[in-house]
Amino acid sequence: SKTPVKVAVTGAAGQIGYSLLFRIASGALFGPDTPVELRLLEITPALGALEGVVMELDDCAFPTLAGVEIGDDANTIFDGANLALLVGARPRTKGMERGDLLEANGAIFTGQGKALNDNAADDIRIGVTGNPANTNALIAMTNAPDIPRERFSALTRLDHNRAISQLAAKTGASVTDITKMTIWGNHSATQYPDIFHAEIAGKNAAEVVGDQSWIENDFIPTVAKRGAAIIEARGSSSAASAASATIDAARDWLTGSKKDDWVSMAVVSDGSYGVPEGLISSFPVTTSGGSWEIVQGLEIDDFSRTKIDASTAELAEERDAVKELGLI
Ligand code: NAI
């Protein structure tokens, strides 16, 4: 029988975990023929709740689930991991300043970066979902000097999927007709969902829409503020869709993006498109077999330039703030 793929998930007793673990265990990442071992990290007070989740995983009798290990020690849980999905993070609570949030998460992601560095398998890939995702990924990457930098990414696939869904609803196209969607920059309200290079059944999406005002005043803010709209409606933040995007991102990274299409992933910048080198910023990327490449040669007009620059300026500010705190 095949050796199980070891998938580590942090924040496993949280909302996203409650959807994510069951999808991974049922084969959504690697298909029905590859066994998966889940290695689940939580903080000590959440281990009891996590035991309940494991009972439910057992009760699903998933044929692809080869084993589950839980714990509160990152060194143990990341031991031999092939894929680490860093979902657990400190949420922003009332009265918390941005600097407090960066500091609280900084402590988590410095420790987890070091633990990955020392314990993960040689082929480790790391996807960060926990917010502020881009900067958390930057912190983990910087604290894992032995892991190649391109093994780290932050999740902007949910934004990418949201943008496809909004564009499909506007044009009546099916989501499968929409290709080459791009999210640029930070997973935050400054992100730039770009349809100027997207296509609908092979035609330029912005031309099919033919309505700059919709793009600027409806589409972009709807995608960028979707997370807040879901909190408003549901009373808690997006979880099933975030889990689904986390799966999409990891699966496409490991198995490859579709021909004549690309995906959005926040990865370390090499300076492409004027994004400062070293920032973890969202780009259009093609993927195959666990590697990615930034799509080159796209023409960036003044409108897009301004939007990309605003979001990457925010990323640079976050980087400077965590540098100031001594986290990177
Ligand atoms: P949640 O609060 O329900 O769960 C988070 C879990 O992480 C908790 O069980 C907590 O105990 C755990 N945790 C905290 N510190 C930890 C540590 N040091 N090690 C291991 N586990 C730890 O939150 P939810 O809804 O599951 O969201 C998780 C994160 O994902 C949040 O930061 C949220 O903002 C972010 N998110 C990101 C999205 C994206 O598109 N990038 C979309 C939606 C959410």
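Let me start with the ligand: both domain 1 (5–154) and domain 2 (157–318) give residues to the shell around the ligand, so the ligand lies between them. Please keep in mind throughout that this is a predicted model.

Staying with that shell, there are 28 residues around the ligand, and those that come nearest are Gly11, Gly14, Ile16, Gly88 and Ala89. By character, the shell divides into 14 nonpolar residues, 12 polar ones and 2 charged ones, and its largest share, 3 residues, is supplied by helix α1, which covers residues 15–25.

Turning to annotation, an unreviewed UniProt entry places the feature "binding site" at a set of positions including Gly11, Gly14, Ile16, Gly17 and Gln112, and I would like to look at two of these in turn.

Glycine 17 is part of helix α1, and it counts as buried because it has 24 C-beta neighbours inside 10 Å. Leaving out residues up to four places away in sequence, glycine 17 touches Val9, Gly11, Ala12 and Val87.

Glutamine 112, by contrast, sits in helix α4, residues 98–119, and with 28 C-beta neighbours inside 10 Å glutamine 112 also counts as buried. Its contacts, again setting aside neighbours within four places in sequence, are Thr10, Ala74, Leu86 and Ala140.

That brings me to the core, where Val9 and Ala140 appear again: together with Ala84 and Ala137, they touch the most other members among the 91 residues of the largest nonpolar core. This core draws at least three residues from each of domain 1 and domain 2. As for alanine 84, its contacts beyond four places in sequence are Ala8, Phe78, Leu116, Ala120, Ile124 and Ile126.

Key
Residues are numbered from 1 along each chain as its sequence is written. This is a predicted model: local features need pLDDT of at least 70, side-chain atom pairs count only at pLDDT 80 or more; totals for chains, interfaces and linings use all residues. A nonpolar core is a set of buried Ala, Val, Leu, Ile, Met, Phe, Trp, Tyr and Cys residues joined through C-beta atoms within 7 Å. A residue is buried if 20 or more other C-beta atoms lie within 10 Å of its own, exposed if 12 or fewer, and partly exposed in between; C-beta atoms are placed from the backbone. Domain bounds come from an automatic or database domain assignment. Two residues are in contact if their C-beta atoms, placed from the backbone, lie within 7 Å. A residue is near a molecule or strand if its C-beta atom, placed from the backbone, lies within 6 Å of it. Helices (H or I, at least four residues) and strands (E, at least two) are DSSP runs, numbered from the N terminus. Ala, Val, Leu, Ile, Met, Phe, Trp, Tyr, Cys and Pro count as nonpolar, Asp, Glu, Lys and Arg as charged, and the others, Gly among them, as polar. UniProt positions are given in the numbering used here, feature names are shortened, and annotations may be inferred rather than shown by experiment.
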